[in-house]
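Trainee: I have a chain here that I'd like to go through with you. Can we take it question by question?

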Amino acid sequence: MINILVCTDNNYIIPLAALLNSFKETAKHSEITIHWFALEVSNLNIKKISKLSNLLGYKIKVYAFLKSKISSKFFTSGRITSAAYLRLYLADRLKDVNKVLYLDCDMIALGDIKDLWSHDVSGYIAALVKDAEGTNLNHLGKLRPKTYFNSGMMLINIDRWKKERIQNRLFKLLDQKIHFRFHDQDVLNLILNDKVL
């Protein structure tokens, strides 16, 4: 069973549908459960994505979020809305899952995600990919990590995430009201820096 986490509001329904469709060709022989953190998504859009998932042969679990119930600490700008931060709540919502593949909804799977899913993350909080060389991180000052990863794709060991109280540490850092230019990606880098593959 491959568990995939996606997070959207109503603005990313079409990209989400494209991502789900891309698994049809790249994960033909895998059993997939989609865990969808949906921030005030309309009932119509939930029905559309649920119907698509069923047609493609995936299980889907929808976790509804209200803006009034999530933190007001989140720095948002342009296309980065509060929905980008929903994954920070994964320890609270994903109760019977010990590993999940988080994917940004503007991605397309070009290879077999089964290969990605099979990576052993038992000794880490997550497996990630380095961000592009030359990314300007001057806004982090002395906090700047040695290596900086792109948080658009994360293979997460949820058991370790819970054990190390990552959610609490992420929100504690957000409380400091530092200007995080790259939003939740900055926060994840600062907290997970030395515990990732």
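Mentor: Sure, and one term before we begin: buried means under 20% relative accessible area. Keep in mind that this is a predicted model.

Trainee: Okay, overview time: how many helices and strands are there in the chain?

Mentor: Reading from the N terminus, the elements go β-α-β-α-β-α-β-α-β-β-α-α-α. Count them up and the chain has seven helices and six strands.

Trainee: And what share of the 197 residues in the chain is buried?

Mentor: First, a word on contacts: of those in the chain with a separation of 6 or more, 81% are between residues 24 or more positions apart. As for burial among the 197 residues, the buried share is 51%.

Trainee: Now the sheet. In what order do the six strands come?

Mentor: The sheet is open and its pairing is mixed. Its edge strands are S3 and S5 (126–130), each pairing on one side only. From one strand to the next, the twist averages 20°. The order is S3-S2-S1-S4-S6-S5.

Trainee: Let's zoom in on S1. How many residues of S1 are buried?

Mentor: Take the two faces in turn. On one side Ile2, Ile4, Val6 and Thr8 are buried, and on the other Asn3, Leu5 and Cys7 are too. S1 is therefore largely enclosed by the rest of the structure, and the count of buried residues is seven of seven.

Trainee: Which residue in S4 is the bridge partner of isoleucine 4?

Mentor: S1 (residues 2–8) and S4 (residues 99–103) run parallel and are joined by two bridges. Leucine 5 stands opposite tyrosine 102 in S4. For isoleucine 4, the bridge partner in S4 is leucine 101.

Trainee: And over how many bridges do S1 and S2 pair?

Mentor: One position to look at is asparagine 3, which stands opposite threonine 33 in S2. The pairing of S1 and S2 is in the parallel sense, and the number of bridges is seven.

Trainee: While we're on S2, which side chain has a polar contact with that of histidine 35?

Mentor: Histidine 35 is in S2 (residues 32–39). Its relative accessibility is 1%, so histidine 35 counts as buried. Beyond four places in sequence, histidine 35 touches Asn3, Ile4, Leu5, Val6, Lys61, Tyr63, Leu94 and Val97. The polar contact spans 2.9 Å, and the partner is asparagine 3.

Trainee: Helices next. Are H1 and H2 roughly parallel or roughly antiparallel to each other?

Mentor: The axes of H1 (residues 13–26) and H2 come within 10 Å and cross at roughly 5°. Where they meet, H1 brings Ile13, Leu16, Ala17, Leu20, Asn21 and Lys24, and H2 brings Asn45, Ile49, Leu52, Ser53 and Leu56. Angles under 35 degrees count as roughly parallel. H1 and H2 are therefore roughly parallel.

Trainee: On to the nonpolar cores. Which residues touch the most other members of the largest nonpolar core?

Mentor: That core has 35 residues. A second, separate core has 29 residues, including Ile2, Ile13, Ile34 and Trp117. Back in the largest core, the residues that touch the most other members are Phe37, Ile156 and Trp161.

Trainee: Leucine 88 caught my eye. Is leucine 88 buried or exposed?

Mentor: Leucine 88 is in the loop between S3 (59–65) and H3 (90–93). Its C-alpha atom is 8.6 Å from that of isoleucine 166, which is 78 residues away along the chain. With a relative accessibility of 0%, leucine 88 counts as buried.

Trainee: Last one, on backbone angles. What is the phi of arginine 165?

Mentor: Start with glutamate 40, in the loop between S2 and H2, which has a positive phi of about 50° although it is not a glycine. Glutamate 40 counts as partly exposed because its relative accessibility is 39%. Arginine 165 lies in the loop between H5 (158–163) and H6 (166–174) and counts as exposed at 52% relative accessibility. Arginine 165 is also a residue other than glycine with a positive phi, near 50°.

Methods. Residues numbered from 1 in each chain as written. Predicted model: local features only at pLDDT ≥ 70, side-chain atom pairs only at ≥ 80, totals over all residues. Heavy atoms only, no water. Helix = DSSP H or I, 4+ residues; strand = E, 2+ residues; numbered from the N terminus. Buried < 20%, exposed > 50% of the residue type's maximum accessible area, 1.4 Å probe, protein only. Polar contact = N/O pair within 3.5 Å; in protein donor to acceptor, adjacent residues only side chain to side chain. Contact = heavy atoms within 4.5 Å. Core = buried A, V, L, I, M, F, W, Y, C linked by side-chain atoms within 4.5 Å. Pairing = 2+ DSSP bridges. Axes fitted to C-alpha atoms, helices over the stretch in contact; angles between N-to-C directions. Parallel < 35°, antiparallel > 145°, perpendicular 65-115°, else oblique.
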